[in-house]
Amino acid sequence: MGIPYKIFLCFCLCLATLPYAAKAEDSSVDNASNDLRQSREKAVQVVTACDGRKKVIVEGCQEGEAMPEQKARKVAELLMTLMEFCEDEIIAKLPKTGMFIQLSVNGMPYVTVGDTEEIPLILVHGGKAHTEREKKIWAAEMNRMITEGYALFHSPGLGKNGISCDMCHPDASNTHPETYPKYQTQMNKAVLLRDMINWCIENPMEGDKLAEDDQKMKAVEAYIISARAGKKLEPGKH
Amino acid sequence: MSTESNGKNERLKHINFGGVSRREFLKTTMKAGVVVASSEYMLNPSQSMVQQVAMKSGAEEFVFAYISDSHLLARGKEHRFARALTKAVEDVNAMKPQPDFILYGGDLAQLGLRDEFSLGKEIIAPLKPKLYMMVGEHDWYYDMGEAWKEFFGKPTCSFDHKGVHFVVLNSILVEDYWSEKKMTPMERMLFMAQLDNPRGRPFTVGEEQRKWLKEDLAGVGRGTPVVVFSHSPLYKYYRPWNFWTDDAEEVQALLAPFKSVTVIHGHTHQVLTNKIKNVVFHGMLSTAWPWPYAPEGIPRLTVQMDRADPFNQFDGTGWGTAAVTARGKIDKTYNLWDRNPMVVSYEKLLTVKEQVAGPSY
């Protein structure tokens, strides 16, 4: 996206967030039309983006009243995100208190998100929230891969001399997946984590190396990366 | 013969030449010239320091050696762990002078199997000095120590040597995790063998042994130096890897009345130094592999060994010695293979004020 476009976008939003520039509009969207109607009765302010398709209903704020700065920034950020990611008709509600956001895409029922960062996920999912069932399946599938890796890492099966990875690397310590690719001086070439895994399998564990697309290799990588997630990264040390 | 070579012969008096008597050896070296003996001497600077200290302060000073954590698998003498233990045995046998005795620090076996003990016993048999054996969790949890005791005797004992009281403890006892789950002996062993087992149970010395220790120490003078061998560190370092003894404080309390107390422990496979009140703690190296330092809880006094090169089997591993000073303190040497030895002297560790930063893991 070009810089001129972004400047244009900012300009539009600045205009949009000016309280006097904002005005309530009727909407053809069924679900949201009630909210817009109520907005005239309750203490709400409706801010519309320059494309006329994105509206933010700010609760607890009178029409024409200047918003607190934090709230105005939130509205700007929200509209910016919505403008950037889709052409759909979207109505967003910002409650009087709390930082969560409710979204209605093309008249669909409202979906609650915790932060603007979560919005793209909702939008690629057609405006529908992920169901608990979906989330459970995804988590189970990911954990299955990690658990398979954990089992391989903690058993001598990858090698042939009774030695297992965890004997030198408890909790996958000293593996530093975040440091790859790197030039491994002992191998005289740039390598990935999987090359080091294979080196360990072939040398201390005296086993046969795995193919790079072997499910076992993927699983071991999955375990190592997940076990080391969030650990201190120290460039130049490992 | 020149004065210089006489000086060298003075030093040679302190060297024990195994099967050959000193007089015989000296006669031979005088005939052959001392060149060979002195060049060999020059190749062992760390040992020469020990010899000089021993010369200065008399007969009560002595050196003992340790080998620990070999984790043998019943896969013959050519397996890398068996080769490593053999190397340690050869190194100790090459010490001049020979140490007064050797302590084996536990985890001779990986899975507590008879074949592993049998292999281990065969490899350590050539050790010349007296050997004291300590038990580790890898030796114990297949059959709850049955085979180990048959091979090596009692897991708890004490002895006196040149005015120092030595205690060997079995510090790897944990509460029963196997009966309720109806684990097979091998399941019980593998559960214990996994260092990063999130369901693992903390080690203890246990009430029975603490009672024994109390009675054992009752007859020991408060001024007598006490050295305790335990497989687990007798303090609390890092619980998730069981670098930990749950009743450590109670054991430390039993040791509190003594003027000079040193605990030497295995299990952690790394250079590790700690001091709590009157007790100094030293770790032992493993012959098999080094453990990384734990992410937290490293004692302030520890000068960390360098991170081992995974491409070199003998890096970060080795064996070591302890020199008992005239005051009953211990100067500990870590003989890291393929690196310079690290000496942690009692005097030196008293001067350390700040945590010494080392490699992070």
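The following questions and answers walk through a predicted model with chains A and B.

Trainee: How many helices and strands does chain A have, and how do its elements run from the N terminus on?

Mentor: Chain A holds seven helices and seven strands. Read from the N terminus on, the elements of chain A follow the order α-α-β-β-α-β-β-β-α-α-β-β-α-α.

Trainee: What share of chain A counts as buried, and what share of chain B?

Mentor: Chain A has 238 residues, and 30% of them count as buried. Chain B, which has 12 helices and 14 strands, is made of 361 residues, and the share of these that counts as buried is 44%.

Trainee: Among contacts with a separation of 6 or more, what percentage in each chain comes from residues 24 or more positions apart?

Mentor: In chain A, residues 24 or more positions apart account for 49% of the contacts with a separation of 6 or more. In chain B, counted with the same separations, the figure is 73%.

Trainee: Over which residues of chain A does pLDDT stay under 50?

Mentor: Chain A as a whole averages a pLDDT of 83, with 81% of the residues scoring at least 70. Where pLDDT is low, the predicted coordinates should not be read in detail. That caution applies to a stretch for which the model has 37 contacts beyond four places in sequence, and in which pLDDT stays under 50, namely residues 14-30 of chain A.

Trainee: Which helix gives the most residues to the largest nonpolar core?

Mentor: The largest nonpolar core has 111 residues, and those with the most contacts inside it are Val92(B), Ile102(B), Tyr104(B) and Val228(B). The helix that gives the most to this core contributes seven residues, and it is H5 (residues 80-93) of chain B.

Trainee: With which residues is Val92(B) in contact, leaving aside its neighbours within four places in sequence?

Mentor: Val92(B) is one of the residues with the most contacts inside the largest core. Once its neighbours within four places in sequence are left aside, the contacts of Val92(B) are Ala65(B), Ile67(B), Ile102(B), Leu127(B) and Trp319(B).

Trainee: How many residues are in the second, separate core?

Mentor: This second core includes Ile57(A), Met67(A), Leu78(A) and Leu94(A). Its number of residues is 22.

Trainee: Why do the buried residues of helix H9 of chain B lie on the same side?

Mentor: The buried residues of helix H9 (residues 185-193) of chain B are Arg188(B), Met189(B), Met192(B) and Ala193(B). They lie on the same side of H9(B) because the arc that they cover around the axis is only 130°.

Trainee: Against which helix do the buried residues of H9(B) pack?

Mentor: The buried residues in question include Met189(B) and Met192(B). Their packing partner, also in chain B, is helix H7 (137-140).

Trainee: Which peptide bonds are cis?

Mentor: Most residues other than glycine have a negative phi, and most peptide bonds are trans. One cis bond, with omega near 0°, leads to Pro181(A), a residue placed in the loop between helix H5 (132-153) and strand S6 (182-184) of chain A. Another leads to Pro97(B), with omega about 0°, and Pro97(B) is found in the loop between H5 and strand S2 (101-104) of chain B. The bonds asked for are therefore Tyr180(A) to Pro181(A) and Lys96(B) to Pro97(B).

Trainee: Is Lys162(B), with its positive phi, buried or exposed?

Mentor: Lys162(B) is not a glycine, yet its phi is near 45°, and it lies in the loop between strand S4 (157-161) and strand S5 (164-168) of chain B. Because Lys162(B) has 12 C-beta neighbours inside 10 Å, it counts as exposed.

Trainee: How does His176(A), which also has a positive phi, count?

Mentor: His176(A) has a phi of about 50° although it is not a glycine, and its place is the loop between H5 and S6 of chain A. Because 19 C-beta neighbours lie inside 10 Å of His176(A), it counts as partly exposed.

Trainee: How many residues of each chain take part in the contact between chains A and B?

Mentor: On the side of chain A that touches chain B, the residues divide into three nonpolar, six polar and five charged. The contact takes 14 residues from chain A, and from chain B it takes 14.

How values were computed: Residues numbered from 1 in each chain as written. Chains lettered and ligands numbered in written order. Predicted model: local features only at pLDDT ≥ 70, side-chain atom pairs only at ≥ 80, totals over all residues. Core = buried A, V, L, I, M, F, W, Y, C linked by C-beta atoms within 7 Å. Buried ≥ 20, exposed ≤ 12 C-beta atoms within 10 Å, placed from the backbone. Helix = DSSP H or I, 4+ residues; strand = E, 2+ residues; numbered from the N terminus. Contact = placed C-beta atoms within 7 Å. Nonpolar A, V, L, I, M, F, W, Y, C, P; charged D, E, K, R; others polar. pLDDT = per-residue confidence, 0-100. Arc of directions from axis to C-beta.
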